[in-house]
Amino acid sequence: MIEIRDLKKTYHAGEVDVHALRGVNLSVQRGEFLCVVGPSGSGKSTLFHILGGLTPPTSGEIRIEGRDLRKMTEAERTDFRKTTVGFVFQKYNLLPTLTAQENIDIARDIAGRRQADPHFNEVLNLLGIAGRLRHKPRALSGGEQQRVAIARAIVNHPALLLADEPTGNLDSENSRIVLDLLRRLNHEFHQTILMITHDADAAAYGDRIVHMKDGRIID
Amino acid sequence: MINRLVLENLKHRPVRTLLTALAIGIQVTLILTLVGLSFGMLNDIARRTEGTGADLVVLPPDASIIGFSQTMAEGIVNKVRELPHVALATGILMQPIGGINYITGIHLSEFNQMSGGFEYLAGGPFEQPDDMIVDEVYARGAKIRVGDTVNLGKPWHVCGIVVPGKLSRTFAELKTVQERYSATGQISRIYVKADNSANIAAVQSELQQRLPAYGVYRMEELVSLMSVNNVPMLRQFTEVIIGVGLAIGFLVVFLSLYTAVLERTREIGILKALGAGPGYVLNILMRETILLSLFGTLAGILMSYGVRALLGAFVPSFTMEIVYSWWPWAAVLAILGSLIGAIYPGLKAARQDAIEALSYD
């Protein structure tokens, strides 16, 4: 489902070139729960941004569901984010002015899906937020906010769920709940997940773990 | 869903929303007040001109419809009186006394005969040469009573307060006004009444033949000409005020949305991560702008009622009308100024880099 060959990304910070990715090779199967582990500066966030279509690679090959991200224009990457990937961030990133339900609905609206999916209630029940949907983010706990963020990320049935340190802002109890949910989404709904973390315990929830260092995957 | 987000964004910052709407409202009030004053003052002049009871009005050569700077010889009145079918003719002198105020010299008996006479609320007609009659609006605005002395370049003794609606707000004997303001033998206009309404056209035609350089108008014709377009500089002045209004709307919305875009950088990043393109982000801000403009228009309309009430209380001679037909125009101008102001912040938001926006705290 994901094929990455010799992927490189160089940022230009003033007159200095920063080589964030120095030739990444990676394959991810459909329905896999992959964890990418590495210290700060290892390039895992850059990999997350490229996989999510938020920034283009400098060179190399990267295909998701057969779509070549390197050749995509800005507009095509916008469309790719709408239809193919869902994001879960460390800071939840819910829109503070909208309720939990509206945060989910706006993702559906942006994707151009006017009708609500009746089967999605099953997911909301699994996430345990069905009774909290009328609340705004400030009235929800961190764990609840992250579960709403997960619901928003998968409301359009993306091929790939990208999670960037999803438990980074949570206590251990809520971390466990969120990681359990990600695993259940993977097992029960066959959701392909790529999770970035520096926490070995969190990474243990995945089917497979890869380590990154200095812009490369080392095992 | 976008509308919901727009509405919630406005509710999320109520003070900013209120202040922005009020500032746009000031723009709308400015336009509606100016238009209301133009219409109100002109209609008021028209009503008072009709209040003379005349059928025809003779203006000096080159005189404007509402201006009184040109004068003509008083002797012409006698020539007018001699024409067939002329029942009454009386000359008046409108003497500027500062600002938009005039003191009007009249032959009281002739003027009463033509207009049906003044209705006195206090005092009575002229008894002394320096006596002055004022209408109730002027008396209220200047806070004067019968017996007071008013200085209009020269001292005048107030002998009567009358119901408004007849030609002017301040009246004195024609002869005294001519003498006191160095206009002996001069008049501004001649008001003419025909012996029968069927003969008005004949009198007008005769006057036009005898006084070819003069303006000879039927009353309804003169009144219909009292519009913004026929008052020198008023249209240009209105356009300048509209331009100032547009600039206010532009600056207010520019500052408000620019701040909003900076504050919402992270939220814009979230929308972009969800797949929102530049058009979607721009659409949100443009809808927000239009909604703010509509709130502002509503506030401006309400404030224009307030301005009218204040003028009525403190400057009653400034007649302001609520001109409903200008409400849509005021809204269009408010939206236009605001949308122009929203372009730069909108484009800044639309071009926001998603990764940078998401890392913004």
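Start your tour in chain B, where α2(B) passes α11(B) in a right-handed crossing. Keep in mind as you go that this is a predicted model.

**Stop 1: two helices of chain B**

Select residues 14–50 of chain B for α2(B), then add α11(B); their axes come within 6 Å and cross at roughly 50 degrees. An angle of that size makes α2(B) oblique to α11(B).

Now show the side chains where the two helices touch. On α2(B), the residues to pick include Thr17(B), Thr20(B), Ala21(B), Gly25(B), Val28(B) and Gly36(B). Facing them on α11(B) are residues including Leu292(B), Phe295(B), Gly296(B), Gly300(B), Met303(B) and Arg308(B). Colour this contact by class and you will find eleven nonpolar, twelve polar and one charged residues.

**Stop 2: a second helix pair**

Stay in chain B and select residues 234–263, helix α9(B), with residues 327–350, helix α12(B). At what angle do their axes cross? They cross at roughly 30 degrees, and the axes come within 7 Å. That is an angle under 35 degrees, so α9(B) is roughly parallel to α12(B). The crossing of this pair is right-handed.

To see what α9(B) brings to the contact, highlight residues including Ile242(B), Gly245(B), Leu246(B), Phe250(B), Phe254(B) and Tyr258(B). From α12(B), highlight among others Leu333(B), Gly337(B), Ile340(B), Gly341(B), Tyr344(B) and Lys348(B). By class, this contact holds 18 nonpolar, five polar and one charged residues.

**Stop 3: one glycine inside the packing**

Zoom in on Gly245(B), which sits in helix α9 of chain B. Is Gly245(B) buried or exposed? It is buried, with 24 other C-beta atoms within 10 Å.

Next, draw a distance from Gly245(B) to Gly337(B): the C-alpha atoms are 7.9 Å apart, although the two residues are 92 apart in sequence. Setting aside neighbours within four places in sequence, Gly245(B) is in contact with Gln27(B), Leu30(B), Ile31(B), Leu333(B) and Gly337(B).

**Stop 4: a loop residue before α9(B)**

Move to Val228(B), in the loop between α8 (219–224) and α9 of chain B. With 13 other C-beta atoms within 10 Å, Val228(B) is partly exposed. Beyond neighbours within four places in sequence, its contacts are Ser38(B), Leu42(B), Leu234(B), Arg235(B) and Thr238(B). For a wider view, add Ser188(B): it is 40 residues from Val228(B) in sequence and 22 Å away in space, C-alpha to C-alpha.

**Stop 5: the domains of chain B**

Zoom out and colour chain B by its domain assignment, which gives domain 1 (2–43 + 233–358) and domain 2 (61–213). The C-alpha centres of these two domains lie 47 Å apart.

**Stop 6: where the chains meet**

Bring chain A into view. How many residues does each chain give to the contact? Chain B gives 17 residues and chain A gives 19. On the chain B side, the elements that give two or more residues are α1 (2–12), α10 (265–273) and α13 (354–358). Of these, α1(B) gives the most, with five residues. The chain B side divides into ten nonpolar, four polar and three charged residues.

**Stop 7: an enclosed helix in chain A**

Select residues 100–110 of chain A, helix α3(A). Eight of its eleven residues are buried, so the helix is largely enclosed by the rest of the structure. Among those buried are Ala100(A), Glu102(A), Ile104(A), Asp105(A) and Ile110(A). What covers them comes from both chains, including α2 (74–83) and α5 (142–154) of chain A together with α1 and α11 (278–314) of chain B. Just after this helix, Gly112(A) takes a positive phi of about 80 degrees.

Turn to α2(A), whose buried residues are Arg77(A), Thr78(A), Phe80(A), Arg81(A) and Lys82(A). Their cover includes β5 (67–68), β6 (85–88) and α3 of chain A, together with α10 of chain B.

**Stop 8: two loop residues with positive phi**

Finish with Asn93(A), in the loop between β6 and α3 of chain A. Its phi is near 55 degrees, a positive value in a residue other than glycine. Asn93(A) is buried, with 23 other C-beta atoms within 10 Å.

Then select His190(A), in the loop between α6 (172–189) and β8 (192–197) of chain A. The phi of His190(A) is also near 55 degrees, but this residue is exposed, with 10 other C-beta atoms within 10 Å.

Key. Residues are numbered from 1 along each chain as its sequence is written. Chains are lettered from A and ligands numbered from 1 in the order in which they are written. This is a predicted model: local features need pLDDT of at least 70, side-chain atom pairs count only at pLDDT 80 or more; totals for chains, interfaces and linings use all residues. Two residues are in contact if their C-beta atoms, placed from the backbone, lie within 7 Å. Helices (H or I, at least four residues) and strands (E, at least two) are DSSP runs, numbered from the N terminus. Ala, Val, Leu, Ile, Met, Phe, Trp, Tyr, Cys and Pro count as nonpolar, Asp, Glu, Lys and Arg as charged, and the others, Gly among them, as polar. A residue is buried if 20 or more other C-beta atoms lie within 10 Å of its own, exposed if 12 or fewer, and partly exposed in between; C-beta atoms are placed from the backbone. Domain bounds come from an automatic or database domain assignment. Axes are lines fitted to C-alpha atoms, for helices over the stretch in contact, and angles run from 0 to 180 degrees between N-to-C directions. Angles under 35 degrees count as roughly parallel, over 145 as roughly antiparallel, 65 to 115 as roughly perpendicular and the rest as oblique. A crossing is left-handed if the near helix is turned anticlockwise from the far one by less than a right angle, and right-handed if clockwise.
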